[in-house]
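Work through the exercises below with the model open. Try each task before reading its solution.

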Amino acid sequence: RAQCAQVSSTDTYDYIVVGSGAGGIPMADRLSEAGHKVLLIEKGPPSTGRWGGTMKPNWLTNTNLTRFDVPGLCNEIWADPTGIVCTDVDQMAGCVLGGGTAVNSGLWWKPHPDDWDVNFPDGWRSKDVAAATDRVFSRIPGTICPSMDGKWYYPQGFDMLGGSLKAAGWNYIVPNDHPDMKNRTYGHSTFMFSGGERGGPLATYLATASSRKNFTLWTNTIAKRVVRQGGHATGVEVECNGAGHAGVVSLTPNTGRVIISAGAFGSAKLLFRSGIGPTDQLNIVKNSTDGPTMISSDQWINLPVGYNLNDHVGTDIEIAHPSVVFYDYYGAWSKPIASDAQQYIANRSGPLAQAAPNLGPIAWQIIKGSDGISRHIQWQARVEGSKSTSMTITQYLGTGTVSRGRMTITRQLNTVVSTPPYLRDAHDKEAVIQGIDDFRNSLKDVANLTWINPRADVTSEQFVNSIPATPARRCSNHWIGTAKLGTDDGRSGGTAVVDLDTKVYGTDNIFVVDASIFPGHITGNPSAAIVIASEHAVTRILALPVPKAVATSS
Ligand SMILES: Cc1cc2nc3c(=O)[nH]c(=O)nc-3n(C[C@H](O)[C@H](O)[C@H](O)COP(=O)(O)OP(=O)(O)OC[C@H]3O[C@@H](n4cnc5c(N)ncnc54)[C@H](O)[C@@H]3O)c2cc1C
């Protein structure tokens, strides 16, 4: 059995980054590239083969590939999440090296300019993040055709639905060539995959970081709290998660900084355990097993951590058409079609190089509400459903949504979505309904198409009202917002937890960089936007002046 290592009391780090997801990996890479001594702490185990991951089905036994590497196995997370999901979160979240970028479907979008311009303040508008966007997409360009032989496998669903939208006047685009064309357009799913494998931050940013001597990665290590005196962090207390490290890791005195990138739930939890958040939540931590060692209440920093929670409202519709052909991606775990497994292993080609369960087309529209707000909708189709010829199409409501929820913590130190963010605003609901009406209308002349959900005799409004606005029925796994970025300091009645440099208000060296800082939701699946936010944040953090204490102590 692997051992836990005690943290050395003499080692110090310029930057401690907590969490190796979409926010944490690029951050750790860029900080180490700038010459700083960087420690990246991840609570989960290694995931992809490149990092020593071992979880795989039998047919991958003699390869370096794991379930995380093969796009066609990505939905196995829903069949067998053991040892992969975060057990302290009441939603699906990956607690492995790579976080969400190790378990997700790899959809990878260059954001619409409104994603920044509507949600973020000056300093974070689309023009401000343009350089960061270019850096991210030069490292991870993405592909609309993941199979290495350049073919699309089982394209019948795409052809039927895409062709029908085209006939109804929607325009085909290569999505990342036209990020600003998101109204009555559709295209192929675009993935971060490369070389027929998962790719993304794990295969790029983490690879360059790991080649540097000034970079250290600890897996299986849980950050329990930031150790701080007033607003100044001196280190991070860590716990061993089976085979990692335990003790207090120290920051370089005066100049060291902590970057919290533990995800929308993990970062909020770590802030709570560090005495940063609303008093009601800090009192819950105080009454937990953390209580005796928690920072004293006169040091608490009262910020609205956990509020502003958001996720795309997911609304599934289902159609069937005789031309659609289902491929059994779940079955491919234990019994893949032998020639498909062989084609994948030998050439990274075939259906298993595509994300399960055959995603696409993806379509977009913008709906102007009676409140004057333009709301963005993404339609995400996949070939699965109640019939072998079904396609389920999820409608995500993104940019422009007004509804917000809240996450809180329990005495067992688990995070819960206590106020679901879905459809709390009447105009958000109006947009969802209108979007479904438009989509039904667009498909009304398609021969042999059957509507399974909503049925022909059910109005879109009745249909939307029939689905509970709960995470169980509406979750899109795109959680954001719990440590909102903004200029209105949350300590004095504002809504923001971090400032424009992503620094937590009331602290001088604690930062949050991940999905948590997004003020509002964006058009599509968020991982690329989170990597861009990380690239942008690192530039701002590196430009911050060195604290005064250092200037005088040398
Ligand atoms: C099943 C699923 C499918 C998805 N599909 C897509 C998709 O196709 N495209 C897309 O763009 N987005 C997708 N997403 C969403 C996307 O993956 C997330 O939005 C994104 O990964 C969030 O980035 P993050 O950096 O905020 O957090 P994460 O990527 O979740 O990373 C946080 C990391 O911090 C670690 N951590 C947490 N707490 C601690 C602690 N105390 N100490 C140490 N480490 C800690 C976690 O283990 C995790 O590795 C999907 C998500 C899920 C769950």
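## Exercise 1: The core

The largest nonpolar core of this predicted model has 152 residues, and I16, V258, I260, V498 and F511 have the most contacts inside it. Task: find which element gives the largest share of this core, and explain why the core lies between the two domains.

Solution.
- Step 1. Start with the elements. α14 gives the largest share of the core, nine residues.
- Step 2. Turn to the domains. Domain 1 (10-72 + 202-306 + 481-553) gives residues to this core, and so does domain 2 (142-196 + 309-474); the core therefore lies between them.
- Step 3. Take one of the residues with the most contacts, I16. Leaving aside neighbours within four places in sequence, I16 touches L39, I41, V236, V249, L251 and V258. Contact here requires C-beta atoms within 7 Å.

## Exercise 2: The domain contact

Task: state how far apart the C-alpha centres of domain 1 and domain 2 lie, and describe the side of domain 1 that touches domain 2.

Solution.
- Step 1. The two C-alpha centres are 31 Å apart.
- Step 2. Count the residues in the contact. Domain 1 supplies 25 and domain 2 supplies 34.
- Step 3. Assign the domain 1 side to elements. α8 (263-273) and α9 (279-286) are the ones that give two or more residues. The largest share, four residues, is from α8.
- Step 4. Sort that side by class. It holds 11 nonpolar, 12 polar and two charged residues.

## Exercise 3: The ligand shell

Task: which residues come nearest to the ligand, and which element gives the largest share of the shell around it?

Solution.
- Step 1. The shell has 40 residues; G19, G21, G99, G100 and G266 come nearest.
- Step 2. Elements that give two or more residues are α3 (100-103), β8 (221-229), α8 and α14 (527-543).
- Step 3. α8 gives the largest share, four residues.
- Step 4. By class, the shell has 17 nonpolar, 20 polar and three charged residues.

## Exercise 4: The whole chain

Task: why does the radius of gyration of the chain agree with that of a compact globule?

Solution.
- Step 1. For 554 residues, a compact globule would have a radius of gyration near 24 Å; the chain has 23 Å, so the two agree.
- Step 2. Add the box. Along the principal axes, the C-alpha atoms fill roughly 75 × 60 × 40 Å.
- Step 3. Check burial. Of the 554 residues, 55% count as buried.
- Step 4. Check contact range. Among contacts between residues at least 6 apart in sequence, 71% join residues at least 24 apart.
- Step 5. Count the elements. The chain has 15 helices and 19 strands.

Methods:
Residues numbered from 1 in each chain as written. Predicted model: local features only at pLDDT ≥ 70, side-chain atom pairs only at ≥ 80, totals over all residues. Domains from an automatic or database assignment. Contact = placed C-beta atoms within 7 Å. Nonpolar A, V, L, I, M, F, W, Y, C, P; charged D, E, K, R; others polar. Near = placed C-beta within 6 Å. Core = buried A, V, L, I, M, F, W, Y, C linked by C-beta atoms within 7 Å. Buried ≥ 20, exposed ≤ 12 C-beta atoms within 10 Å, placed from the backbone. Rg over C-alpha atoms; globule rule 2.2 N^0.38 Å.
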